[in-house]
Amino acid sequence: MRGYVLRRSLLAFLQSLVVLVAVFAARHLCDLARQIRAGVAAGRHGPVAAHLRLLGTRERTVIPRHVLPGALGPAAQQFARCVEGLLGGAVLVEAVLGFRGLGGGFVEAVQNRDLPQVQAYALLFAGTAVAVNLLGDLAAHRLAPRREVTA
């Protein structure tokens, strides 16, 4: 029998995955937090925030209501790009540790030279990446809509 065998319980299996999930998520969460912080720092001193302060809007209203949504838009797009890395990482972890999943199936298909199955996995991974990027773009547009400039 190859790979991890679920001997004790589902809870023990989930506990064994905590470290893997934490490692994958920590790197991407750090990038997202850095991007959101940079967006808030740039927007906090921008002309919109300065105008709102001149109008008498309190600082605790300016940041969450006006500056933060502008910073979350690019972060949503960055999160969508992180999914591609997570898919590649999942393939690697499943292959190395022997977990059964899409990544392990992909590696087995490549080893068996099963071209239709490899193409199906590639199409599934590419479709997932495109769909998540589309959702990230839609979320970015919803969080920070820009007015269209017409000539």
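These legends walk through several close-ups of one predicted model.

**View 1. The largest nonpolar core**

Here we're looking at the largest nonpolar core, a set of seven residues: V40, A49, L52, V62, I63, V67 and A71. Two helices, α2 (47-54) and α3 (59-97), each put in at least two of these residues. The top contributor is α3, which gives four. Zoom in on V67 and see what it touches. Skipping its neighbours within four places in sequence, V67 is in contact with G39, V40, G43, R44, A49 and V62.

**View 2. A second core, and the long run of α5**

There's another nonpolar core to find, separate from the one in View 1, with five residues. Among them are V91, A109, Y121 and F125. Two of those names, Y121 and F125, turn up again in α5, where they are buried along with V118, A129, G136 and A140. What covers these buried residues of α5? The cover includes α3 and α4 (102-111).

You can also check the length of α5 for yourself. Helix α5 covers residues 115-143, which is 29 residues, so at 1.5 Å a residue it should span 42 Å. Its end C-alpha atoms are 41 Å apart, and that agrees with the expected span.

**View 3. D31 and its two partners**

Side chains of opposite charge can pair when their charged atoms come close. On one side, D31 forms a salt bridge with R27, with the closest N and O atoms 3.0 Å apart. D31 also forms a salt bridge with R34, and here the closest N and O atoms are 3.1 Å apart.

Why can D31 and R27 be described as about one helical turn apart? Because they sit four residues apart in helix α1 (residues 10-44). R34 is in helix α1 too, three residues from D31, which is again about one turn of the helix.

Are the two arginines buried or exposed? R27 has a relative accessibility of 53%, so it counts as exposed. R34 comes in at 56%, so it counts as exposed as well.

**View 4. R53 meets E59**

In this close-up, the side chains of R53 and E59 meet in a salt bridge, at 2.6 Å from N to O. R53 has 31% relative accessibility, so it counts as partly exposed. E59 is partly exposed too, with a relative accessible area of 32%. Back in View 3, shared partners join the salt bridges of R27, D31 and R34 into one network. Across the whole structure there are four salt bridges.

**View 5. Where α3 crosses α4**

Two packed helices are described by the angle between their axes and the distance between the axes. For α3 and α4, the angle is about 75° and the axes are 7 Å apart. Angles of 65 to 115 degrees count as roughly perpendicular, so that is how α3 sits relative to α4.

Which residues meet here? From α3 come V91, E94 and A95, and from α4 come L102, G103, G104, F106 and V107.

Now pick out L92, which lies in helix α3. L92 and G103 are eleven residues apart in sequence, and their C-alpha atoms are 7.1 Å apart in space. Is L92 buried or exposed? Its relative accessibility is 57%, so L92 counts as exposed.

Terms used
Residues are numbered from 1 along each chain as its sequence is written. This is a predicted model: local features need pLDDT of at least 70, side-chain atom pairs count only at pLDDT 80 or more; totals for chains, interfaces and linings use all residues. Side-chain values use heavy atoms; hydrogens and water are left out. A nonpolar core is a set of buried Ala, Val, Leu, Ile, Met, Phe, Trp, Tyr and Cys residues joined through side-chain atoms within 4.5 Å. Buried means under 20% relative accessible area, exposed over 50%, partly exposed in between (1.4 Å probe, protein chains only). Contact means heavy atoms within 4.5 Å. The expected span of a helix is 1.5 Å times one less than its number of residues. Axes are lines fitted to C-alpha atoms, for helices over the stretch in contact, and angles run from 0 to 180 degrees between N-to-C directions. Angles under 35 degrees count as roughly parallel, over 145 as roughly antiparallel, 65 to 115 as roughly perpendicular and the rest as oblique.
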